[in-house]
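Visitor: Please show me the structure. I would like to ask about its rings, charges and strands.

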Amino acid sequence: MVDFIVIGGGSTGCTIASRLSEDSTASVVLFEEGPRDSSPYIHIPGAYYKTAQGPLLKRYPWEPTAEQERTDSPTMVQASVLGGGSSVNAMIYIRGVPSDYDGWAEQGAKGWSYQDVLPYFKKAEHNERFCNEVHAVGGPLGVSDPINIHPLTKVWLQACQQYGLPYNEDFNSGDPAGCGLYQITARNGFRSSAAVAYLGPAKSRKNLKVRTACRVTRILMEGNRARGVEYIENGKRRELFAEKEVILSAGAINSPRLLMLSGIGPAAHLKKQGIPVVQDLPGVGQNLQDHIEISLIYELTGPHSYDKYKKPHWKAMAGLQYALFRQGPAASNLIEGGAFWWGDKAAATPDIQYFMVVGAGIEEGVDSVPGGNGCTLNLGQIRPRSRGYVELHSPDPMATPRIVPNYFSDPYDIESLVDGCMVGEEIMSQPAFKPFVARRHVPDGVVRTRDAMKKFCHQEAHAALHPSGTCRMGVDENSVVGPDLRVHGIEGLRVADASIMPTLISGNPNSVCIMIGEKAADMIRGRQGQ
């Protein structure tokens with residue numbers, strides 16, 4: 001028996017477990033299905049290309065709509081390692097825009113407006129450059145400028161300005177419009193994951209136990225109260241009980257899956273799966289949202305990108321530079337520059353996010369380009385209107401869930417993404433960048449018209465891996481948790497992760513998951529507002 005059980009060692013779970021264990025009288029157990037974050041690739045920013053494709057990811061198939069005309073079997077990956085996405089992602093630190101959170105509050109999430117959540121962003125943050133009304137120093141999470149900025153990144157930013165984008169010093173000021181350098185979750189040349197930032201300082205606390213390689217299979221219920229968890233460790237089924245609360249932080253795919261396996265969810269679906277209904281909550285698994293992205297890949301006129309470091313002697317030099325000085329390509333997250341701009345000119349704030357990837361094949365996709373030197377302009381529609389769902393394939397807790405994102409089911413999303421592609425093409429053809437581009441490699445030269453680009457996006461757009469919304473926070477009948485994150489109708493159980501977002505924020509959500517963890521921990525400890 002312990003006081004608190006936290007299910008899921010991702011960004012939110014690590015934050016909550018660490019903060020709860022600051023009270024030496026409270027005992028906390030954190031369960032993580034994956035291994036510890038011991039791989040050196042996790043901690044070296046430039047090894048992101050390894051963590052973005054490697055064994056620390058769990059793959060789930062998702063079902064495309066008929067309009068997407070897919071010929072492949074697309075998968076969505078979720079991190080399976082201590083630290084979750086913060087241990088494997090591109091480290092880009094983005095908060096979205098104030099209206100994202102004000103929109104949450106308007107939808108019934110009282111206490112989650114921008115002014116309500118800003119103190120928790122600041123509480124988490126140790127920013128190496130900013131300390132002002134929106135940024136802070138002294139928090140656990142390292143936020144820094146890229147140590148290494150590739151010359152091609154600078155050229156691309158010049159091209160953006162030639163096209164007409166203003167230069168933006170801080171995408172997190174509240175106004176992200178323009179182009180600039182991303183800040184990243186790193187400190188002193190190392191990745192600052194939630195595991196490093198939050199569990200590192202807590203590792204000597206005797207009241208915190210971190211259990212990795214443990215798969216929680218269901219929440220143990222006694223009537224309408226959560227009492228503990230059933231989990232598998234070393235092939236054996238075990239149980240652990242919580243005196244105070246169970247906190248579910250398994251992410252927007254697995255949090256609703258575990259609720260449904262435990263009898264909490266849409267009654268008709270649970271009965272169909274043969275699962276006894278504990279609480280009929282029709283919103284569990286609904287409202288699935290994700291950013292969807294497309295990659296425009298270019299062949300370069302020479303070794304102008306990080307691709308040259310794929311050659312053994314260059315790779316060795318980069319490794320030596322990092323080992324001796326914490327500088328060079330290995331200190332870069334490989335996506336140093338970006339932009340926020342409009343696809344939909346009528347939108348109040350930018351709805352397209354750009355990532356200048358200084359190489360081809362850094363993320364999953366095209367492995368290389370002719371000549372071996374390329375770059376990628378990745379872009380995504382960041383306020384999707386399409387909604388999907390997650391449900392069970394079977395009552396077997398080891399079975400993968402059914403994921404139906406319904407990307408582009410609202411035509412607004414595809415039209416906006418195509419608008420973003422057309423802007424991206426214009427940026428890449430500006431005088432500053434033109435000498436470096438031999439040709440566009442993906443899509444090939446046949447794709448020139450808007451209709452052709454639209455077909456390309458339907459066929460090749462990929463999940464941004466930012467699923468959210470499946471345990472929506474609110475007070476209406478289709479919400480799953482209240483503003484206090486307690487599951488409706490259930491005692492002793494909260495959900496805290498990306499699944500509680502009513503709407504997905506306008507950008508990379510990792511910092512938001514950490515903010516949710518900070519705010520949730522204060523709620524649980526009764527310290528909110530102090």
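Guide: First, a definition: rings of Phe, Tyr and Trp (its six-membered ring) pair if their centres lie within 6.5 Å, and planes under 30 degrees apart count as stacked, over 60 as edge-to-face and the rest as tilted. This is a predicted model, where local features need pLDDT of at least 70, side-chain atom pairs count only at pLDDT 80 or more, and totals for chains, interfaces and linings use all residues. Residues are numbered from 1 along each chain as its sequence is written, and side-chain values use heavy atoms, with hydrogens and water left out.

Visitor: How many aromatic pairs does a search of the whole structure find?

Guide: The search covers the whole structure. The number of aromatic pairs is 14.

Visitor: What is the geometry of the pair formed by Trp-341 and Trp-342?

Guide: The ring centres of Trp-341 and Trp-342 are 5.0 Å apart. Their planes make an angle of 80°. Planes over 60 degrees apart have their own name. The pair is edge-to-face.

Visitor: Are Trp-341 and Trp-342 buried or exposed?

Guide: Buried means under 20% relative accessible area, exposed over 50%, partly exposed in between (1.4 Å probe, protein chains only). Both Trp-341 and Trp-342 fall in one class. They are buried.

Visitor: Which residues do ring pairs link into a cluster?

Guide: Ring pairs can join up into a group. Here the cluster is made of Tyr-101, Trp-104, Trp-112, Tyr-114 and Phe-121.

Visitor: Which residue lies over the face of Trp-314?

Guide: A charge sits over a ring if NZ of Lys or CZ of Arg is within 6 Å of the ring centre and within 35 degrees of the ring normal. Arg-326 lies over Tyr-322 in this way, at 4.9 Å from the ring centre. Over Trp-314, at 3.9 Å from the ring centre, lies Lys-308.

Visitor: Where does Leu-324 lie, and is it buried or exposed?

Guide: Helices (H or I, at least four residues) and strands (E, at least two) are DSSP runs, numbered from the N terminus. Leu-324 lies in helix α10, residues 312–325. Its relative accessible area is 56%, so Leu-324 is exposed.

Visitor: How many salt bridges does the structure hold?

Guide: A salt bridge is a side-chain nitrogen of Lys or Arg within 4 Å of a carboxyl oxygen of Asp or Glu. The structure's total is 29.

Visitor: How many residues apart in sequence are the parts tied together by Glu-22 and Arg-525?

Guide: The side chains of Glu-22 and Arg-525 meet in a salt bridge, 3.1 Å from N to O. Glu-22 lies in the loop between α1 (11–20) and β2 (28–31), and Arg-525 in helix α13 (residues 510–525). So the pair ties together parts whose separation in sequence is 503 residues.

Visitor: Is Glu-22 buried, exposed or partly exposed?

Guide: The relative accessible area of Glu-22 is 36%. Its partner Arg-525 has 27% and counts as partly exposed. Glu-22 is also partly exposed.

Visitor: What separates Glu-245 and Arg-486 along the chain?

Guide: Glu-245 forms a salt bridge with Arg-486, with the closest N and O atoms 3.9 Å apart. Glu-245 is in strand β13 (residues 236–248), and Arg-486 is in the loop between β24 (462–463) and β25 (493–495). The pair links distant parts of the chain, with a separation of 241 residues.

Visitor: Which residues do salt bridges that share partners join into one network?

Guide: Sharing partners is what joins these salt bridges. The network holds Arg-19, Glu-22, Lys-123, Glu-518, Asp-522 and Arg-525.

Visitor: Why is strand β17 largely enclosed by the rest of the structure?

Guide: Strand β17 covers residues 292–300. Ile-292, Ile-294, Leu-296, Tyr-298 and Leu-300 point one way, and Glu-293, Ser-295, Ile-297 and Glu-299 the other way. Strand β17 is largely enclosed because the number of its nine residues that are buried is nine.

Visitor: In what sense do β17 and β20 pair?

Guide: Two strands pair if DSSP finds at least two bridges between them. Strand β20 covers residues 374–381 and shares eight bridges with β17. In β20, Gly-380 is the bridge partner of Glu-293. The sense of the pairing is antiparallel.

Visitor: Which residue in β23 stands opposite Glu-299?

Guide: Strand β23 (residues 437–442) pairs with β17 over four bridges, in the antiparallel sense. Opposite Glu-299 stands Arg-439.

Visitor: How far apart in space are Cys-179 and Arg-257?

Guide: Cys-179 lies in strand β7, residues 178–181. Cys-179 is buried, with a relative accessible area of 0%. Arg-257 is 78 residues from Cys-179 in sequence. In space, C-alpha to C-alpha, the distance is 39 Å.
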